[in-house]
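Trainee: I should like to understand how the terms used for a structure follow from its values. May we go through them one by one?

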Amino acid sequence: MSQRQSAKTLFALLLWTLTFATCLFGGTGPGRTGSAKEAAASAVVPVIDAVNMRIQGEQRFHANCGRCHAAPEKFPPRMMKTVLRHMRVRATITDEDMHLVLFYMTQ
């Protein structure tokens, strides 16, 4: 196989992979609703990122919430999301902080 054929094959494989990934995670085919951002948010978080998010969430909890609250035992994610949404307004917590604290509190 020549170098030119190898490059064409590699390009075709890359194009197919990108098309497949788009269909899985962000495509707008039949039965697909929502945006690519929603699909990416619902994707499984790699283990290393999960550990990093938990550490950052704990730090942000202590910085934003720990001034007034002790860390509670686990709450269901739906309940914790409601609590954080209400406290976000009162404590001026950023959207990123809210998501990290939610991840920390529900893991």
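Mentor: Let us begin with accessibility: a residue is buried under 20% relative accessible area, exposed over 50%, and partly exposed in between (1.4 Å probe, protein chains only). This is a predicted model, in which local features need pLDDT of at least 70 and side-chain atom pairs count only at pLDDT 80 or more, while totals for chains, interfaces and linings use all residues. Residues are numbered from 1 along each chain as its sequence is written, and side-chain values use heavy atoms, with hydrogens and water left out.

Trainee: Why is Asp 97 called buried?

Mentor: Asp 97 has a relative accessible area of 12%. The limit for buried is under 20%, and therefore Asp 97 counts as buried.

Trainee: What makes Arg 60 partly exposed?

Mentor: Its relative accessibility is 23%. Because partly exposed covers the range between 20% and 50%, Arg 60 belongs there.

Trainee: How do you know that Asp 97 forms a salt bridge with Arg 60?

Mentor: A salt bridge requires a side-chain nitrogen of Lys or Arg within 4 Å of a carboxyl oxygen of Asp or Glu. The closest N and O atoms of Asp 97 and Arg 60 are 2.6 Å apart, so the pair meets the rule. Asp 97 lies in helix H5 and Arg 60 in helix H3, 37 residues apart, and the pair links distant parts of the chain. Helices here are DSSP runs (H or I, at least four residues), numbered from the N terminus.

Trainee: What makes Glu 96 and Arg 60 a salt bridge?

Mentor: Their N to O distance is 3.7 Å, which is within the limit and therefore qualifies. Salt bridges that share partners join Arg 60, Glu 96 and Asp 97 into one network.

Trainee: Why is H4 called roughly antiparallel to H5?

Mentor: Helix H4 (residues 77-91) and H5 pack at an angle of about 150°, with their axes 10 Å apart. The axes are lines fitted to C-alpha atoms over the stretch in contact, and angles run from 0 to 180 degrees between N-to-C directions. Angles under 35 degrees count as roughly parallel, over 145 as roughly antiparallel, 65 to 115 as roughly perpendicular and the rest as oblique. H4 is therefore roughly antiparallel to H5.

Note on methods
Helix = DSSP H or I, 4+ residues; strand = E, 2+ residues; numbered from the N terminus.
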